[in-house]
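Thanks for making the time this morning. I would like to walk through one structure with you, taking the helices and then the place where the chains meet.

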Amino acid sequence: MSDAIVQVRDLTKSYGDVVALRGVSFEITQGEIFGLLGPNGAGKTTTIEILEGMRLADGGTATVCGLNPQSGGAEFKRTIGAVLQSTSLPDKMRVAEALSLFAQLYGRRADTGGLLGRFGLEEKRHAFYGKLSGGQKQRLAIALALVNEPQVVFLDEPTAGLDPQVRREIYDIIEELRRDRKTVLLTTHYIEEAERLCDRVAIVDHGQVIAHGTPRELKQRSAGTTRIEVSLAHAAADGDLRALEGVTDCRAVDSRYVLHSTRPPQTIVALVKHLESSQNELQSLEMAAPSLEDVFIELTGRRLRE
Amino acid sequence: MNHAWTLTLFRLRLAMRNRAFLIFGIIIPLAFLFLFSAVFASKGGPAVAYVLASVLAMSVMGSFWGLSQQLVIFREQGILRRFRLAPLDAGTMLASGIFSNLILMVPGIAVEIAVARWVLHMDRVGNLLSVFVLSGLGAVTFAALGLVVASVANSMMETQVINQILWLGFLLLSGVAIPLPSLPAWLQQVALFLPATYLVTGLQRALIEYVPLQRLGGEVASLGGCAILAFFVCRQIFRWEPEEKVPRQAKLWVAAALIPFLLLGAWESSRGGRLGEARTILRSTFAERPAQQRDAAAPPPGEKR
């Protein structure tokens, strides 16, 4: 028997003519931080909202701690905590009141002081929700998701729209969840977030999981290669660049070219020679170790944020 | 029940922080009380009680507006979906809105009665138990009807349009703004199908004729029945999500909420007693005015001969 705490099998979902999920399957084990990585519209939110019991799947099965999100009722709701992508609280609700109210709804006495301290909201204890910054609202949302001490936490794009500083604060909070051995499912379209936070990642595109594994395993797809991203004055034929020394893969992405090379110095020399001979010009060149973005580009031919 | 009470307290706190509560719950009804009294009851006496019944009914019917708009705002802003994650059902969410509305209405009603009695020199306070029970039942009924509107409407604008139409209908046809006997005969028949009519006539009887609760069975049953049915209907068609479509059967449910008033209206129409009582109250109230004692031939204000 599987020790998975979250099990998703062949989930399908359509909104009218639009197919959102085409058979999504994955499992999450106890204490794992699992990421759904994909561009907007890939089906991440639909998947997570089915698991939260907010949406009904057309087909397939989903269980969380052995409970069906649709029929699990109050027991299921006590098991999970969630940060929704689009949600709010009344503007005139105070921060401490929100924590206290939701704790009471779960039949608990909130350790309001503890939660406020943990999420850096002590000074905002009496502030109205409407007066909080985006980052403070998101920290409160995470605090509310944890107010019932859930076994599984769902975070739907927890850092979307936040500035880098606040994003790093949220990362620290999620790292803390890892230390607390919480099981977390998070959706994101930030590569950095998935690589830094997730034990395992499922890359989702057009309603399907197109690859999954640990970030390291996924990046092994590009193992031994270096990513060279160049922009040129004039378009070049893919075939010409693919033929350069050391190049294992070449894709045109957003009017730039992403090359993967096993021998970067030789590739760069060959590239410069090729550009000279073809009267083209190198405008920029960046080199980096392959990331999950490269895996996504390899699999789909597109960038994550397209 | 615990959750309903927790949410009720939360809603009360929010309401107390909202100036709209003070404006729409206290100040505007009092302004109408002074205005109507100046026009129809300048010499005090029982006419003030008649005017007070209309203003109380207007305050009670205000439940219809506030709660429906709040529910739509909560849905549109994604507040409801945050609550949906907690172990709550739609009935608890809706009941808390109705309870808090009921509690918030009590001070307004008390202030209006006190002002009528001690500032406008109303010579009687009627049967206060009947007044408060009818006001409470009315508040629950109109709040539940407002929640039905909010559950059917897809946006704030739609809610406002539907509310405006219903509100004007209630205001003009039920005896609140225009005494029922002053309406054309056919409109008086239409009024018998409106819940507001039973609230207004019930309050008039309680305030002016001291009618005890046990003799207000028709009003209590009609308002209570409507409250229960409207609550059941809004619970059936409640939507947590802004993009959730109104279910097809919603219209049937809404039609079901109107059934008691169709039946009651048909029954009252065939019986004819309620309109007769409304005429008697209007005549007796204004006939007591000293001016009218001197000029017995003068018709009560607004009444058609």
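Helix α7 of chain B is mostly covered, with 20 of its 25 residues buried, and I should say at once that we are looking at a predicted model. This helix runs over residues 128-152 of chain B, and because a rise of 1.5 Å a residue should give a span of 36 Å, we can check that against its end C-alpha atoms, which are 36 Å apart and so agree with the expectation.

Let me turn to a pair of helices. Two packed helices are described by the angle between their axes and the distance between the axes. In chain B, the axes of helix α4, residues 63-76, and helix α8, residues 156-173, come within 10 Å and cross at roughly 170 degrees. Since angles over 145 degrees count as roughly antiparallel, α4(B) is therefore roughly antiparallel to α8(B).

As for the residues involved, α4(B) brings B:F64, B:W65, B:S68, B:Q69, B:V72, B:I73 and B:E76, which meet B:M156, B:T159, B:N163 and B:W167 of α8(B). Sorted by class, this contact of α4(B) with α8(B) has six nonpolar residues, four polar ones and one charged one.

Finally, the contact between the chains, which takes 19 residues from chain A and 16 residues from chain B. On the side of chain A that touches chain B, α2 (73-79) and α3 (95-105) each supply at least two residues, and α3(A) gives the most, with four residues. By class, that side of chain A has 11 nonpolar, four polar and four charged residues.

How values were computed. Residues numbered from 1 in each chain as written. Chains lettered and ligands numbered in written order. Predicted model: local features only at pLDDT ≥ 70, side-chain atom pairs only at ≥ 80, totals over all residues. Axes fitted to C-alpha atoms, helices over the stretch in contact; angles between N-to-C directions. Parallel < 35°, antiparallel > 145°, perpendicular 65-115°, else oblique. Contact = placed C-beta atoms within 7 Å. Nonpolar A, V, L, I, M, F, W, Y, C, P; charged D, E, K, R; others polar. Expected span 1.5 Å × (residues − 1). Buried ≥ 20, exposed ≤ 12 C-beta atoms within 10 Å, placed from the backbone.
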